[in-house]
Amino acid sequence: MQKKSYSMRWKMVAILLICWLVPFTFLIAVLGVYIASNHSDMTAMNYLEQLEFNNRICAERLNRAVEDSRQASYDGEILSVCRKYNSGEIGFVTAKKRWSDYLSSKYQQNDAVSSAIFWMGNAGEAQSAGVYNEKGNGSFQQIRHYWSEDHKTISEFAGTLGTSVGFRYLNGALYLVRNMVDSRYETQGVLLLCLNTEYCFDSMAKYPMQEGVCIWVNDDEVLLHDSSEVEDWRELYQDVGEQGYSWIHGQLGVTDAINGDNYRLYAAMMIQKSVTMFPFYGYQYVIIIMLIILIPLLTIVLSVFQREVTYPVQVLSDGTRRMESELGYQIDYQAKNLEFQYLTAAFNRMSEHIRQQFDRLYQEEIALREARIMALQSHINPHFMNNTMEIINWEARLAGNIKVSKMIEALSTMMDAAMDRRKRPEVRLAEEMGYVNSYLYIMKERLGKRLTVEMDIPEELMDCPVPRLILQPLIENAIEHGVVPNGSGTVTIRAWQDGTYLYLETLNDGGMTREDRERVERLLDINYNTSKEPAGNLGIANVNQRLRILFGEPCGLTITENGGKVTARLTVPYRAMMVQTSGTDFGKVQDKL
């Protein structure tokens, strides 16, 4: 009796419930115990110490920015250019360039500076130079914003500084302002550094536990990240002052103040409730207990997974490798769950199907190779034929027989197309029509007025690429089976496109007998073996199979009868592209018809 199988999915669900629900329940119980204890003071002190450390980092970066601004006075380059400009030794263009070069060398690679501007005296933008640092989040628009929005306020502020450094925060930008004073303590100009607040206060803004940060540089408030109300900041400052911590509406707030180089930095930070409400102690013991419980449960999971998943997958993988060298290989393994039972059965079916397909393709390849050999054996030496046709043509011209000469030229054109010296699978429709017209010229000479040819092919379609020699077999079939048996007739050739496919049609008024319809149906069968057919009937079968192989369905050849007219329609992809042209074209033979 076969043992009943169960779905692997339900087995895995049950195991996961057992292996993870128990430790998760235990963890929740432990958390419930720790919720009762709130060591808020120790937690607050830890965050206060962290704020003090981060505030010192910010102060150090601001101090370096102050020192960089002071260096401009020590170097003397800016003041030297001002002196030469005032004395007339250099023009403003030269002075502006030298100021810009100096600012670029000092501040354009400085992470703390977004942009640097210098202007002389009270001239403002008219006698100024400025550079911006893309690395420090600076931009040309930042400089333009300063001149249009903040310059007036900064200029007034600079007038109150004397030789000191000042900070102002305006419209989202933190400015460091320094008067450039010469040896006589006369102000020659003002150096302005727009600081990169992301860099200077990076330790504050990116501190992972904060929910809101506010920084004061002297009396200017720099709001980096704020999710708190203004009243919360005021209440925090009133409760704590410049350094300390306080709980505001159940949320921890810490503050710290530090004196920098000519400024005072005050920072206030709100800590996320999720990380301050309940600090945990003894967590290492919880982890140890959980590991003791989880290790055996994990072993069970791995064992079941090995039996239910890993081994069946290995069997399928081995079967796939075996199938590469042994077509039709069958896996002899009964999986213990429904999913892999289905996959194993599907693998065996697929392997057998591939073997059958391979056998069929092998037989088709043999038949195709035999057909190609027969086609090659039927070819006449092309060089011999060309030379012979050329000799006959010259003999006809020497004898004054222009009619025969033109027929030989038309036949030569068709032979060139058949031999395909350039090995081109596709030609322009215009070239294909050149071959058609050469054939029609010969047929007109043969049949005379008994053959009437009508053409309806738009000029814009003449550049469309089509496979070589697909129209001549259809026209030959129309003449031999539609015109010749009736003594006379009309053959119509037309073309059109619908944006996706190009359609080429030949129509004749010869009609079709029942035997004709049976023969056409047999020849157009995609699986028909053309090696069994007489050579004279291979034309339309060859065209149909070529198009099906090249382009797939619905491309190919269809032959229908309606109202006494037989229509042969070719369907090929419509492509608005050019292919390489040859010497044969539609217009060269048109005048012969």
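Is Y362 buried, partly exposed or exposed? Keep in mind that you're looking at a predicted model, and go ahead and select Y362. You'll find Y362 in helix α11, which covers residues 338-377. Its relative accessible area is 48%, so Y362 counts as partly exposed, since that label runs up to the 50% mark where "exposed" begins.

While you're there, add L327, M350, I354 and F358 to the selection and switch on the surface. Together with Y362, those residues make a nonpolar surface patch of about 470 Å².

Next stop: S115. Pick out strand β1, residues 113-120, and S115 is in there. What sits around S115, leaving out residues up to four places away in sequence? Show side chains and you'll see S115 touching V131, Y132, Q142, I143, L192, L193 and C194. Zoom in on Q142: its side chain and that of S115 are joined by a polar contact of 2.9 Å. With a relative accessible area of 4%, S115 is buried, because anything under 20% gets that label.

Last stop: V190, over in strand β5, residues 187-195. V190 is buried too, with a relative accessible area of 5%. Which residues is V190 in contact with, once neighbours within four places in sequence are set aside? Select I117, F118, W119, A158, V177, R178 and N179 to light them up. To finish, draw a distance between the C-alpha atoms of V190 and N122: the two residues are 68 apart along the chain, and your label should read 9.0 Å.

Note on methods: Residues numbered from 1 in each chain as written. Predicted model: local features only at pLDDT ≥ 70, side-chain atom pairs only at ≥ 80, totals over all residues. Heavy atoms only, no water. Patch = residues over 30% accessible without salt bridge, like charges linked within 9 Å, V, L, I, M, F, W, Y side chains within 5 Å. Areas by Shrake-Rupley, 256 points an atom, 1.4 Å probe, with all protein chains shown as cover. Salt bridge = Lys/Arg side-chain N within 4 Å of Asp/Glu carboxyl O. Helix = DSSP H or I, 4+ residues; strand = E, 2+ residues; numbered from the N terminus. Buried < 20%, exposed > 50% of the residue type's maximum accessible area, 1.4 Å probe, protein only. Contact = heavy atoms within 4.5 Å. Polar contact = N/O pair within 3.5 Å; in protein donor to acceptor, adjacent residues only side chain to side chain.
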